[in-house]
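User: Please take a close look at a single position in this structure. I should like to know how it is placed, and then how its surroundings connect to the rest of the chain.

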Amino acid sequence: MATTSEFPSDLRAGQEELHQVRAELSALLKRLPWSVEPLDGFTDDTGWRKVERPASPGWTEDEQAEVQKLRQREHELAVFVSCHRFWAEVAAADRVEARTRLKHAHEEPPEKHGES
């Protein structure tokens, strides 16, 4: 089984950028109004819990474009990482574990993998 330092550098870089893009997209979506289109607020207390939403001014064209750009980049990176040629070198039985290690490699100090 390869250590995370043995993952190809472009695969590690792609995974790291994927983490960054997802974090940026998540932060952006949390800042934006709850509805893309302008909508009135509402309250619904007929279900098992009360749901309330304030009026939403909607997203600006720039905000919509930024979300679209980040989602497109997230998709490109996810395809790059998941379809990387490296995975063909990993035994099928070991791929899930290796993929998980790659996803969490950014959480571990580089020294653990023999890098400086």
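Analyst: The position chosen is G58, which counts as buried because its relative accessible area is 8%, under the cut-off of 20%. The model examined here is a predicted one. G58 is placed in the loop between β2 (51–53) and α2.

Which residues does G58 touch, leaving out those up to four places away in sequence? They are P33, S35, V36, E37, P38 and E63. A further distance can be given for W34: this residue is 24 residues from G58 in sequence, yet the two C-alpha atoms are 7.7 Å apart in space. W34 also has a charged partner, for R53 lies over the face of its ring, at 5.9 Å from the ring centre.

The contact with E63 leads on to the core. E63 is touched by G58, and E63 is also in contact with L32. Besides E63, L32 is in contact with W59 and V67, leaving aside its neighbours within four places in sequence. L32, W59 and V67 belong to the largest nonpolar core, which has nine residues in all, the others being L18, V21, L25, L28, L70 and L77. Two or more residues of this core come from each of α1 and α2, and α1 gives the most, with four residues. Apart from this core lies another one of eight residues, including V81, F86, W87 and A98.

The helix α1 deserves a closer description. It covers residues 9–31, and its 23 residues should span 33 Å at 1.5 Å a residue; its end C-alpha atoms are 33 Å apart, so the two values agree. Its buried residues are L11, G14, Q15, L18, V21, L25 and L28, and they pack against α2 (61–82) and α3 (95–104).

Charged side chains also link α1 and α2. R73 and E17 meet in a salt bridge, with N and O 2.9 Å apart. This pair joins distant parts of the chain, since R73 lies in α2 and E17 in α1, 56 residues apart. R73 is partly exposed because its relative accessibility is 30%, and E17 is partly exposed too, at 28%. Within α2, K69 forms a salt bridge with E66, the closest N and O atoms being 3.5 Å apart. K69 and E66 are three residues apart in the helix, which means that about one helical turn separates them. K69 is exposed, with a relative accessible area of 52%, whereas E66 is partly exposed, at 25%. Salt bridges with shared partners also join E17, R73 and E76 into one network. In the whole structure there are six salt bridges.

Finally, aromatic rings make another long-range link. The structure holds four aromatic pairs. In one of them, F7 and F86 are edge-to-face, with 5.3 Å between centres and 75° between planes. F7 lies in the segment before α1 and F86 in the loop between α2 and α3, so the pair ties together parts 79 residues apart in sequence. F7 counts as buried at 2% relative accessibility, and F86 counts as buried at 6%. F86 also pairs with W87: the centres are 5.2 Å apart and the planes stand at 70°, so this pair is edge-to-face. W87 is buried as well, at 8%, and F7, F86 and W87 form one aromatic cluster.

Note on methods
Residues are numbered from 1 along each chain as its sequence is written. This is a predicted model: local features need pLDDT of at least 70, side-chain atom pairs count only at pLDDT 80 or more; totals for chains, interfaces and linings use all residues. Side-chain values use heavy atoms; hydrogens and water are left out. The expected span of a helix is 1.5 Å times one less than its number of residues. Buried means under 20% relative accessible area, exposed over 50%, partly exposed in between (1.4 Å probe, protein chains only). Contact means heavy atoms within 4.5 Å. A salt bridge is a side-chain nitrogen of Lys or Arg within 4 Å of a carboxyl oxygen of Asp or Glu. A nonpolar core is a set of buried Ala, Val, Leu, Ile, Met, Phe, Trp, Tyr and Cys residues joined through side-chain atoms within 4.5 Å. Rings of Phe, Tyr and Trp (its six-membered ring) pair if their centres lie within 6.5 Å; planes under 30 degrees apart count as stacked, over 60 as edge-to-face and the rest as tilted. A charge sits over a ring if NZ of Lys or CZ of Arg is within 6 Å of the ring centre and within 35 degrees of the ring normal.
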